[in-house]
Amino acid sequence: MSNRTHPRGTARPVRLLGDPVLRTECDPVRTFDASLERLVDDMFVTMYEEDGAGLAGNQIGVGLRLFVYDCEDDRGRRHIGHVVNPTLVAADGEQVVESEGCLSVPGLRFDTPRYQHAVVEGVDVKGRPVRVEGTGYFARCLQHECGHLAGEVYIDVLSGDARREAMRAIRALRE
């Protein structure tokens, strides 16, 4: 378990690749109440328990558009927060290929292309507007989590040899 802690919440099981919820586009959050706040708390606890940098709602079986994050950017600055009903409004700059993993595809990492800069807009648990901008690893995290909410996993952005290698490794895990 990571040394990162969140004061409240209960860890929930992470859904693994093959679970249909990961391939289903998430619905917008429409109700901003105590249950949404509990869900965000549970997501933080789950992310920390699994030693992740981000976690999307559908990764714990909740088909709602939200994610939590705790990761560093390319300058070593730590970003911690959540975004409800996020929209990836920018993913630009240089494309960087780096090792990436996913809590829903445990034990595997693949060189994945992502843009160096990303901007996400949405709201917080109280419905207040938020804009999150990231570079480096944090930009990668923002793109990765927004992909989950669209029913995608990171292997979907792979192509060519990298994609073939990923699919072989995933099949081998299932055997």
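Q: Which residues is H82 in contact with, leaving aside its neighbours within four places in sequence?
A: In this predicted model, H82 has its place in strand β3. Contact here means heavy atoms within 4.5 Å. Leaving aside neighbours within four places in sequence, the residues in contact with H82 are V40, F44, F67, V68, Y69, D124 and V125.

Q: Which backbone nitrogen does the side chain of H82 reach, and at what distance?
A: V125 is one of the residues in contact with H82. The side chain of H82 reaches the backbone nitrogen of this residue, V125, at 3.0 Å.

Q: How many helices and strands does the chain have, and in what order do the elements run?
A: The secondary structure comes to 3 helices and 5 strands. From the N terminus on, the order is α-β-β-β-β-β-α-α.

Q: What radius of gyration does the chain have, and what would a compact globule have?
A: The C-alpha trace spans about 45 × 35 × 30 Å along its principal axes. Of the 175 residues, 48% count as buried. A compact globule with 175 residues would have a radius of gyration near 16 Å, and the chain agrees with this at 15 Å.

Q: What share of the contacts with a separation of 6 or more comes from residues 24 or more positions apart?
A: The count takes in contacts in the chain with a separation of 6 or more. Among these, residues 24 or more positions apart account for 65%.

Q: Where does UniProt place the feature "binding site"?
A: The annotation comes from an unreviewed UniProt entry. That record places the feature at C102, H144 and H148.

Q: Why do these three positions gather at one spot?
A: They span 47 residues in sequence. They nevertheless gather at one spot, because no two of their C-alpha atoms are more than 10.2 Å apart.

Q: Which residues of this set does the lining of the largest pocket take in?
A: The set placed by UniProt is C102, H144 and H148. From this set, the lining of the largest pocket takes in C102 and H144.

Q: Is C102 buried or exposed?
A: C102 lies in strand β3, which runs over residues 78-102. Leaving aside neighbours within four places in sequence, C102 is in contact with Q59, L108, H144, H148 and Y154. Its relative accessible area is 10%, and the cut-off for buried is under 20%. C102 therefore counts as buried.

Q: What is the relative accessible area of H148?
A: H148 has its place in helix α2, residues 136-149. Not counting residues up to four places away in sequence, H148 touches L22, A56, N58, Q59, C102 and V153. H148 is buried, with a relative accessible area of 0%.

Q: How far apart are the closest N and O atoms in the salt bridge of E100 with R114?
A: This pair links distant parts of the chain, with E100 in strand β3 and R114 in strand β4 (residues 105-123), 14 residues apart. Both E100 and R114 are buried. Their closest N and O atoms are 2.9 Å apart.

Q: Which residues are linked with E100 in a network of salt bridges?
A: The structure holds 12 salt bridges. One of them joins E100 and R114. The network links E100 with R114 and R140.

Q: Which residue meets R128 in a salt bridge?
A: The N to O distance in this salt bridge is 2.8 Å. The partner is buried, with a relative accessible area of 9%. That partner is D124.

Q: Which counts as exposed, R164 or D161?
A: The side chains of R164 and D161 meet in a salt bridge at 2.6 Å, N to O. Both lie in helix α3 (residues 160-174), 3 residues apart, about one turn of the helix. R164 counts as partly exposed at 46% relative accessibility. At 59%, the residue that counts as exposed is D161.

Q: How far apart in space are E98 and R171, C-alpha to C-alpha?
A: E98 lies in strand β3 and is partly exposed, with a relative accessible area of 39%. Not counting residues up to four places away in sequence, E98 touches F110, D111, T112 and R140. E98 and R171 are 73 residues apart in sequence, and their C-alpha to C-alpha distance is 22 Å.

Technical notes:
Residues numbered from 1 in each chain as written. Predicted model: local features only at pLDDT ≥ 70, side-chain atom pairs only at ≥ 80, totals over all residues. Heavy atoms only, no water. UniProt positions renumbered as here; feature names shortened; annotations may be inferred. 1 Å grid on protein atoms, 1.4 Å probe; cavity = no way out; pocket = protein on both sides within 12 Å on 5 of 7 lines; lining within 4 Å. Helix = DSSP H or I, 4+ residues; strand = E, 2+ residues; numbered from the N terminus. Buried < 20%, exposed > 50% of the residue type's maximum accessible area, 1.4 Å probe, protein only. Salt bridge = Lys/Arg side-chain N within 4 Å of Asp/Glu carboxyl O. Polar contact = N/O pair within 3.5 Å; in protein donor to acceptor, adjacent residues only side chain to side chain. Rg over C-alpha atoms; globule rule 2.2 N^0.38 Å.
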